[in-house]
Structure formats: structure tokens, C-alpha cells
Amino acid sequence: MSDSPNLYTKLIEYSRSEAYPFHMPGHKRQVMSMEDPYRFDLTEIDGFDNLHEAADVLKEEQERTAALYGSQESHFMVNGSTGGILSAIAGCLRRGDRVLVARNCHTSVYHGLELNGLCPVYLWPRMDRGTGIYQGLTREQAERAFEKYPDIRAVIFTSPTYEGILSDVKGICEAAHRRGIPCIVDEAHGAHLRWTGLPDGVSCGTDVVIQSLHKTMPALTQTALIHINGELVNRERIRRMLAVYQTSSPSYILMASISQCMTWLEQEGAERFDCFKRRVEVFRKRMAHMKHLYLYEPEGIFDTGKLVICVDKTRSAVKAGKADKIDFTGRELYDRLRQEFGLQMEMASARYVLAMATVGDSPEGLERLAKSLERIDAGLDGPAVGEKRPENSANEDLVSQLTAPEMPKQRMTPTEALNQPTIEVPLTGAGGCIMGDYLYLYPPGVPILAPGEVIQMKQIEQIQDYLRQGLEVHGGYSKEEGNVKVILRHG
């Protein structure tokens, strides 16, 4: 028998430590007026309704939620946004349909494509060259795709992104609706938008909006919502798919957490979010004085609670010959914050670290993060890189950094590719091969390469760079052998 602590023991030990969470879930381990969960762990007994045929208390709870979010119809979900995304795709489309898909969508969207045999047309957002962060989609991009592919049957995109960047949801929906095309928006990171003054999917006219309450709201992990609006989607079919893609024994603990979150929104939400917005604004102004690190601010609308702490200024300093030893990676910053200061970030990328701030954060937590970043910044070797930019020039500098990413060629649909025999080949020699699986970093779960796409040297070099920095590549990559899974034969 192993002497190592089991999962429960490890969780107890961690909860008693000084580690502070700048990651999901949004409640930040603060108790949200729920007692011993074992007291609420029951099944569909008399008086407690059935989630998949709600007619009593759960029906009333979902109607209350719809009113809070301004939606015509809302449903509780207990396996995260993934279940909602799969249900929306299966409910809105038929096998073989052509669908417009933002290429920076989460892997769950791609799983929906493959399960339903859909033909995707990928819409690529612009990318910030310095950080590798995808920007928001525009109405013009969607319009061009609609004109080129008049048989598109639905649009699927993510807003806000993992880094908090919003697309022109209203404009894209208007363009799609003029053609009778429904829009599905993965708003997993935006359940709070309505209370922060940012445009949310429901208010922008989206047909189906999927939100993870647990990401940015005070609710337990796996809690989520799906909102359905308008007449362009088959609501009955989506409801059926919600039963297909969710457990037949939904947790009453999780549903109670959703209920408590809605009550919290009714009673405290407005005031708490006002306080949260002010605290984040103060934090951002304070961090503007750092010399080597900086908080990323895109040109468009974004969620200020997503604290993207960039290190690419230190990398550019070395390349410009202004410093010798300040080449600092996102992974190194992530590790220092965790090991030296007890601050657990949400994720590390090659050139930045993401800290998620939510209404669950305490003023003391943000103060800890601010002091830690200031200490790290002050300790970096070398001179500051340039002077602080004037506010009115910030956007001009950013626009010059935006570029269209190089798009891999799509030889097959994901469904076709995943039904082909595969073989593993060394990553270094995979150029020109067709991917037989997904390759992605998790988080955020956006594929670097999707099944059916041709592997190019640019992607190989990108993956090698990630690996050198200690980042984990998931999917069809074998860490031990350094191989990738490719299609064995193709015409």
C-alpha cells in the first residue's frame, strides 16, 4: 500500500496552505452559504423535480435564471460548458452541414464537429505577434465568409477568449441573421459580463450562448448555463441533446450551487461587481509602472479581470541588445510566482502568464500579486526597455503588432481524418504529413493543429519552442518518443 497521501488528503493539505488561487473556479475557495454537501446529495425524489424534464422547482429556478440573464430560455448544466457546446452543435446542425468556426475555439467545439460529421470553414482571428494572443473576430470577416460559402448553416465562435478578448458579437449575429444563419457563442469565460458593463451574448442577439458559471462566478466546478433565443434554432432538439450529453443523474449539489449563485446575483451581484471593477482598475494602474513586465491591453473591448502578465518586453530587450540576462519566459514567471510567493496562476504560455481575477478575490490577494510582480520586475537585470508609452499611442503600437496567422491547409474534415489509420512519426520529420489527432496546449485547449490539417515547419518550430520552455503539448504527441500521430495514407 502506498504511503503517498490520497487525493482527499492532498486537497485538505493544500486548502490549509498559504497558496492563493488566481485560477478557476471563480469562488476562489470562499464558502458560498452551503452547508455539508452530503446533506444535499440526493436523486430525483418526490418534490425535487428532474433536470431533463423540469416541471417544478428546477423549472422555476431556470426561469429565474433566464430573467436574470435576459434570455428567453435558460437551462442548468452540470458538466461544464462542454456539454452545452456539444448539445448546441448537435441540436442546430445535421451531418454533412457546412459550418463557420473560429479557429481559436476550444477542443470541445472540434469534438462536436467530428461527432456530427460537419464540414468546417475556419475563420482565423488576427494575432498579436508579440504575445501570440488571438484578437476578436469582426463582422467584416464573417461577411466575407458568408459570401464565399453561401451554404453555411451555423456560426460557432468564442467570446470572450481565454485571455478575455471580445469579438463583435452583435455585428456577427446581425450579419448571420440576415441570411437566416444561427450563431452559437462559447461564452464559457463570460458568465459575468452582464454585471461588468460589457456586451454579453444574450444582449447581442445570439441564438445559443453557453456559459461556465464556475469560471468567473461564485459557483462550483462543472456548473454552467445554456441560453436559447430566437426562432432560428430547433429548441426541442437542443433540449433533447442536453439530456444526451449530460448525466441522467445530475448532481443536486451542483444544481444547488447554481441556485445559490443566482440568489447571490439578485441580492449582492451589482454591488459586489462594482467593488470588483474598482479594485481591478486600481491594480492595473499600479502595474503600469513596471519596467520589464506589463499587463496586456488589446485594442478592442476586453475583460479587465483577465490579468495577462507579459514577459515579451524582456525578450525583445535581449534581441535589441539592450540587456544581457533578462530573457524571461512565461513559464519561469509562473514558477516563480508559485514557488517564491505562493501564488497559483491559471496558466503559463510562452510569453505571458494568466491570472484570473474574479469577484471571489480578496483585496489582500490582489495586493499580494501586485507586490510579488513589483519585486520580480525590480529584480530583473538590465535597464528598462524604453520609456513608458503615452496613452494615446498605445493602440497605434498594438495595431502594428497584429497580423493574420499562417493558416495550415485543411486536407480533410476532422471526422474524415479521425477515421483514417494513423502512424507515429518524429515531430522533426512530420513536415508535409496530415495530422491524425489534435495537438494543443491545455489550458487553453485551442488546437495548434487539428485532424486533417497539413503539418508545416512553422508549427513544428512552434511546438519545439513550447517544449523547450517546459510547456506540455497534449493530444497526438508522445512525450516519451517525441512523435506525433499522422495519417498513414492519403491521396
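A salt bridge is a side-chain nitrogen of Lys or Arg within 4 Å of a carboxyl oxygen of Asp or Glu. With that in hand, welcome to this structure, which is a predicted model. A search of the whole structure turns up 26 salt bridges, and a few of them make a good way in.

Take E374 and R286, whose side chains meet in a salt bridge with 2.8 Å from N to O. E374 belongs to helix α12 and R286 to helix α9 (residues 252-287), so this pair ties together parts that are 88 residues apart in sequence. Both ends can be seen partly from outside: E374 is partly exposed at a relative accessible area of 29%, and R286 is partly exposed at 28%.

Other pairs stay inside one helix. Still in α12, the side chains of E367 and K371 form a salt bridge of 3.7 Å, N to O. These two residues are 4 apart in the helix, which puts about one helical turn between them. E367 is partly exposed, with 30% relative accessible area, and K371 is partly exposed as well, with 47%. Some salt bridges also share partners, and in this way R139, E143, E174, R178 and R179 are joined into one network.

Helix α2 offers another pair within a helix: R64 and E61 meet through their side chains in a salt bridge of 2.8 Å, N to O. They sit 3 residues apart in α2, again a separation of about one helical turn. Is E61 buried or exposed? E61 counts as buried, because its relative accessibility is 15% and the cut-off for buried is under 20%.

One member of the network, E143, leads us to helix α5. This helix spans residues 139-148, and its buried residues are Q141, A142, E143, A145 and F146. What do they pack against? The buried residues of α5 pack against the strands β3 (98-102), β4 (119-123) and β6 (152-158), and against helix α6 (169-177).

Now let us turn to a strand, β9, which covers residues 224-228. It is mostly covered, with 5 of its 5 residues buried. In a regular strand the side chains alternate between the two faces of the sheet. In β9, A224, I226 and I228 lie on one side, while L225 and H227 lie on the other, and all of them are buried, so both faces of the strand are covered.

Strand β9 also has partners for pairing. Strands of a sheet pair through backbone hydrogen bonds, either parallel or antiparallel. Which sense do we find here? Strand β2 (residues 73-77) pairs with β9 in the antiparallel sense over 5 bridges, and H75 stands opposite I226 of β9. Strand β8 (residues 208-212) pairs with β9 in the antiparallel sense too, over 5 bridges, and there V209 stands opposite H227.

Loops have their own stories. T358 is found in the loop between β14 (352-356) and α12 (363-379). Despite sitting in a loop, T358 is buried, with a relative accessible area of 2%. Which residues does T358 touch, once its neighbours within four places in sequence are left aside? They are G26, K28, K215, T216 and F276.

A different loop takes us to the surface. L42 lies in the loop between β1 (20-22) and α2 (57-69), and L42 is partly exposed, with a relative accessible area of 30%. Together with I45 and F48, L42 makes a nonpolar surface patch of about 230 Å².

Our last stop is an open sheet of 3 strands, in the order β18-β17-β19, with antiparallel pairing. Its edge strands are β18 (447-449) and β19 (473-475), each of which pairs on one side only. On average, neighbouring strands of this sheet are turned by 40 degrees against each other, direction ignored. Looking at one pairing in detail, β17 (residues 439-441) and β19 run antiparallel over 3 bridges, with L439 opposite G475 of β19. Helix α15 (residues 457-468) packs on this sheet and touches β17, β18 and β19. The direction of α15 makes about 130 degrees with that of β18.

Note on methods:
Residues are numbered from 1 along each chain as its sequence is written. This is a predicted model: local features need pLDDT of at least 70, side-chain atom pairs count only at pLDDT 80 or more; totals for chains, interfaces and linings use all residues. Side-chain values use heavy atoms; hydrogens and water are left out. Buried means under 20% relative accessible area, exposed over 50%, partly exposed in between (1.4 Å probe, protein chains only). Two strands pair if DSSP finds at least two bridges between them. Patches are made of residues with over 30% relative accessible area and no salt bridge: like charges are joined within 9 Å, nonpolar side chains (Val, Leu, Ile, Met, Phe, Trp, Tyr) within 5 Å. Accessible areas come from the Shrake-Rupley method with a 1.4 Å probe; for residues, only the protein chains shown count as cover. Contact means heavy atoms within 4.5 Å. Axes are lines fitted to C-alpha atoms, for helices over the stretch in contact, and angles run from 0 to 180 degrees between N-to-C directions.
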